[in-house]
Amino acid sequence: MKYQQLFSNRVAVLGTMHQKERAIAPILEKELGIKVIVPDNFNTDIFGTFSREIKRPGTQIITARLKAQKALDITGETLAIASEGSFAPHPAVPYLYCNKEIVILIDKDNDLEIIGEEFSLETNFNHQVVENLQQAREFALKVGFPEHGLVVWFEKSEGNSNEIIKGITTETKLVEAINLSLENSTTVHIETDMRAIYNPTRMKNIEKATSDLLTKIKTLCPNCSTPGFAITERIQGLPCEICFTPTTLTRSVIYQCKKCGFRQEKLFPNDREFADPGQCMYCNP
Ligand SMILES: [Zn+2]
Ligand SMILES: [Zn+2]
């Protein structure tokens, strides 16, 4: 297989400071024959933090690309991996959040950029304003503490800055953080720590995005055999089972090669030729 010849025995530098190698390295090392290394003191906080002290420089993909590029710059290697996550309210269901994880692979030798993705409803992403320790404990219980870490913060009375306490993973630290906050402010913010090392649920999603990356690496362009022959477009219009009216469900997907531009349409990617009438605007308006 060509993808193994491309990657076998190469060093891949992973731009992370939150131990994402635990999710990413085992899969890629085994399947691609690469050696994953993490640079010492790699600071990804300059690319944005979840606790909002530093804003992200661009979109999720741009940010992941910048991290990978920095990892290449400081090590002089030619193969890099980076990941970036985002969390947002579910578009249709109130109070439900979703997590999108991407893992990017950049190969300068072969001029490749391949991106794995995972879109998941499995996340404990949440925040709340609390007024006492009891409320903080209830929140902690709900979001899977202490396996999942917490962040506590409050607005300082003098100046406009916030005091932020991150990586809380013990009952003692939680009590300390809440008490310190209540001494300084009447409103205390408590939220989930979304850094991968403090969040096993997120780590799982990064693992799934890595598996998606691997699937894409293994999918070669039928025309030029370049890895990363992936879906670039989804075309809706899957017909209703009863009246055959096109619905908004996906009827076909377009695969496209970034290198040679070769395109291929795949009909019925979900192995269904018709949509459930429940999705039809005529049968179920
Ligand atoms: Zn091609
Ligand atoms: Zn219909």
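Me: How many helices and strands are there in the chain?
Reply: The model is predicted, and in it local features need pLDDT of at least 70 and side-chain atom pairs count only at pLDDT 80 or more, while totals for chains, interfaces and linings use all residues. Residues are numbered from 1 along each chain as its sequence is written, chains are lettered from A and ligands numbered from 1 in the order of writing, and side-chain values use heavy atoms, leaving out hydrogens and water. Helices are DSSP runs of H or I with at least four residues, strands are runs of E with at least two, and both are numbered from the N terminus. Counted in this way, the chain has six helices and 12 strands.

Me: What distance separates the centres of domain 1 and domain 2?
Reply: The domain bounds come from an automatic or database domain assignment, which gives domain 1 as 3-123 + 200-218, domain 2 as 127-193 and domain 3 as 232-279. For orientation, the C-alpha trace of the whole chain spans about 65 × 60 × 30 Å along its principal axes. Taken over C-alpha atoms, the centres of domain 1 and domain 2 are separated by 29 Å.

Me: What percentage of the residues in the chain is buried?
Reply: A residue is called buried under 20% relative accessible area, exposed over 50%, and partly exposed in between, with a 1.4 Å probe and protein chains only. The chain has 285 residues, and the buried ones make up 42%.

Me: What share of the chain's contacts with a separation of 6 or more joins residues 24 or more positions apart?
Reply: A contact means that heavy atoms lie within 4.5 Å. Among the contacts with a separation of 6 or more, the share of residues 24 or more positions apart is 61%.

Me: Is T247 buried or exposed?
Reply: T247 belongs to the loop between β10 (230-236) and β11 (250-256), and, leaving aside residues up to four places away in sequence, T247 touches Q236, G237, L238, C240, A275, Q279 and C280. A polar atom of the T247 side chain also lies 2.6 Å from the backbone oxygen of L238. Because its relative accessible area is 7%, T247 counts as buried.

Me: Which residue forms a salt bridge with R10?
Reply: A salt bridge is a side-chain nitrogen of Lys or Arg within 4 Å of a carboxyl oxygen of Asp or Glu, and side chains of opposite charge can pair when their charged atoms come close. R10 counts as buried at 14% relative accessibility, whereas its partner is exposed, with a relative accessible area of 51%. The closest N and O atoms are 3.4 Å apart, and the partner of R10 is D109.

Me: How many residues apart are R10 and D109, the pair that forms this salt bridge?
Reply: R10 and D109 are joined by a salt bridge, and the pair links distant parts of the chain, R10 being in the loop between α1 (2-7) and β1 (11-15) and D109 in the loop between β4 and β5 (112-120). Along the chain, R10 and D109 are apart by 99 residues.

Me: Which residue forms a salt bridge with K218?
Reply: The closest N and O atoms of this pair are 2.9 Å apart, and the pair links distant parts of the chain, with K218 in helix α6 (residues 200-218) and its partner in helix α2 (residues 21-32), 187 residues apart. K218 is partly exposed at 32% relative accessibility, and the partner is partly exposed as well, at 25%. The residue bridged to K218 is E31.

Me: Which residues make a nonpolar surface patch of about 220 Å²?
Reply: Accessible areas come from the Shrake-Rupley method with a 1.4 Å probe, and for residues only the protein chains shown count as cover. Patch residues have over 30% relative accessible area and no salt bridge, with like charges joined within 9 Å and nonpolar side chains (Val, Leu, Ile, Met, Phe, Trp, Tyr) within 5 Å. One member is partly exposed at 37% and sits in the loop between β3 (79-89) and β4 (97-107). The patch is made by V93, L96 and L121.

Me: What is the phi of Y95?
Reply: Most residues other than glycine have a negative phi. Y95 is found in the loop between β3 and β4, and at 83% relative accessibility Y95 counts as exposed. Although Y95 is not a glycine, its phi is positive, about 65 degrees.

Methods: A polar contact is a pair of N or O atoms within 3.5 Å; within protein, one must be able to donate a hydrogen and the other to accept it, and residues adjacent in sequence count only if both atoms are side-chain atoms.
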